[in-house]
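Hi everyone, thanks for coming. Let me put the sequence and the structure on the screen, and then I'll walk you through them.

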Amino acid sequence: MTRLGLEDTIAAISTAPGAGGIGVVRVSGEDALRVADAMFAGRRAPGRTPGGRFLYGRVLDASGDVVDESLALVFRAPHSYTGEDVVEFQTHGSPAVLNRVLARALEAGARPAKPGEFTLRAYVNGRLDLAQAEAVLSLVNAQTDTARRQATLGLTGALANRVALIQSRVTRVLAAVQAMLDYPEEGVPEEDRETPLALAAQDLEALIASSRAGQLATRGARLALIGRPNAGKSSLLNALLGYERSIVTPVAGTTRDYLEAQLELAGVPITLVDTAGLRDTDDAIEAAGVRQAVALAGGADLILHLEDGSSPREDAALDTPADRTLHVRTKADLPPAWADAATLPVSAVTGAGLPALREAIRARLLGDAARGEAWLTTERQGDAARRALGHVQAARALPDELATLELEEALRALNDLTGRDVTEDVVDAVFRNFCVGK
Ligand SMILES: Nc1nc2c(c(=O)[nH]1)N(C=O)[C@@H](CNc1ccc(C(=O)N[C@@H](CCC(=O)O)C(=O)O)cc1)CN2
Ligand SMILES: Nc1nc2c(ncn2[C@@H]2O[C@H](COP(=O)(O)OP(=O)(O)OP(=O)(O)O)[C@@H](O)[C@H]2O)c(=O)[nH]1
Ligand SMILES: [Mg+2]
């Protein structure tokens, strides 16, 4: 694992860029205490301080000048976040101070940490599994309380427990089947084979169902408002936001460039996208907007297809995938020109129908998974769970000799989920998404 550079002592600013009351520079690795001794002067040297203590003192320049007043927190391996010796410097939080403190740590022998490298070391040292490391990433990026809660469940092992239960069921069947291979005439009893496998499959299905919700809660969802000119897209965007973000006029073709706005709905960070009304046009600018609208609909997690309920119905403005589309009938405060039970009536003017629309959006995005406990929160975890389910289902349909191979594959996929035996490429891919200092 030398490619991971674990012999090096690493340092980074761990607090967010910009001015803050306090800022943290973190140093981790074999030389952390020596690096700290070289740059910090306090009541005593960090190298002679037991773990779990903090010192008050100053970070000094190479020439002995004071960089800033600082606390130094001393952690001794394995009792630290990374599992290595760690010293944290807590100084005043300006970029000027933090950059100088970091520069001092580098002069004293540390090298700059790569994104996620502290958490990578926690993983390599067995303090976190890969799913927990992903939860740290989700926690750092959490924008809503739901995302925070799911990440915390991942970090504290609630997700790992759900997976461990499935692993124990599969392992039990594998053991029973292997024990019986020498005595084929006996056969494995139902309660040692079909029963636990059916339960494992059920648990995996629930986990997989949570995966889309988990990803949306973590990374957010994009919702595109699509429809003909004057359908009321900009008005509905404003009504959902509760303020006038987008220009509304009676002129068809008001919105040309697309426009994005943020809101939170059922714990999911949502980007609402208002688009140009879809129609054939000779106006080059408007035509560009129309093309953009079609592309935005293609990339959206959910499309709100709006049709004006107060004027005669036209053909759908765009063919959109049924599983990603909600059909909305606008201007429900006006006398209806048509009716269709498959559309949700809303009025941007009176607000009628907005609660039902919000609920429909929630149901489409989160489904039933929103009720379960610990969710899968990354694509990688969802993939591993789907592979495990495939092998469990295959095993259920096969005779004992062949079932063992599928069960072993299922266990491998479950190990991938928690990251027990994954390759370095997978590890690299996970940690690439981190920020420096984490
Ligand atoms: N200043 C600071 N705050 C932070 C972190 C950090 O690294 N530094 N964390 C980083 O994400 C989180 C806390 N995570 C941590 C996890 C374990 C240990 C640790 O030293 N554990 C030892 C000692 C435990 C104890 O004294 O009870 C251990 O487990 O042996 C520290 C931080 C959030 N707040
Ligand atoms: N009565 C009523 N009028 C509405 C409602 N929603 C929109 N309108 C009116 O319909 C017209 C068009 O509304 P917009 O929100 O600009 O429609 P749009 O779909 O964004 O139109 P383009 O940007 O041109 O594609 C405006 O005059 C709005 O005041 C509604 O719920 N009730
Ligand atoms: Mg508009």
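How many residues of domain 1 are in contact with residues of domain 2? The answer is four from domain 1, and they meet eight residues of domain 2. Before I go on, please keep in mind that this is a predicted model. On the domain 1 side of that contact, we have two nonpolar residues, one polar and one charged. As for the bounds, the assignment puts domain 1 at 2-129 and domain 2 at 130-419. Taken over C-alpha atoms, the centres of domain 1 and domain 2 are 41 Å apart.

Now let's turn to a sheet. Six strands make up an open, mixed sheet, and if you read across it the order is β9-β10-β8-β11-β12-β13. Which strands sit at the edges? Those are β9, residues 259-265, and β13, residues 344-345, each with pairing on one side only. Looking at the β13 end, its pairing with β12, residues 325-330, is parallel and has two bridges. If you want a spot to zoom in on, find V328, which stands opposite L344 in β13.

There is also a helix to look at here. Helix α10, residues 354-366, lies across β8, β9, β10, β11, β12 and β13. Relative to β12, helix α10 runs at about 170°.

Last, some positions from the record. An unreviewed UniProt entry carries a "binding site" annotation that covers R26, E88, R127 and K438. I'd like to take two of these, E88 and R127, in turn.

E88 is in strand β6, which spans residues 86-93. Is E88 buried or exposed? Buried, because it has 21 C-beta neighbours inside 10 Å, and the cut-off for that class is 20 or more. Setting aside neighbours within four places in sequence, E88 contacts V24, R26 and L73. Note that R26 is itself covered by the "binding site" annotation in the UniProt entry.

And where is R127 found? Look in the loop between α3, residues 117-124, and α4, residues 130-141. R127 counts as partly exposed because it has 17 C-beta neighbours inside 10 Å. Leaving out residues up to four places away in sequence, R127 touches G83 and A122.

That's my tour, and I'm happy to take questions.

Notes
Residues are numbered from 1 along each chain as its sequence is written. Chains are lettered from A and ligands numbered from 1 in the order in which they are written. This is a predicted model: local features need pLDDT of at least 70, side-chain atom pairs count only at pLDDT 80 or more; totals for chains, interfaces and linings use all residues. Domain bounds come from an automatic or database domain assignment. Two residues are in contact if their C-beta atoms, placed from the backbone, lie within 7 Å. Ala, Val, Leu, Ile, Met, Phe, Trp, Tyr, Cys and Pro count as nonpolar, Asp, Glu, Lys and Arg as charged, and the others, Gly among them, as polar. Two strands pair if DSSP finds at least two bridges between them. Helices (H or I, at least four residues) and strands (E, at least two) are DSSP runs, numbered from the N terminus. Axes are lines fitted to C-alpha atoms, for helices over the stretch in contact, and angles run from 0 to 180 degrees between N-to-C directions. UniProt positions are given in the numbering used here, feature names are shortened, and annotations may be inferred rather than shown by experiment. A residue is buried if 20 or more other C-beta atoms lie within 10 Å of its own, exposed if 12 or fewer, and partly exposed in between; C-beta atoms are placed from the backbone.
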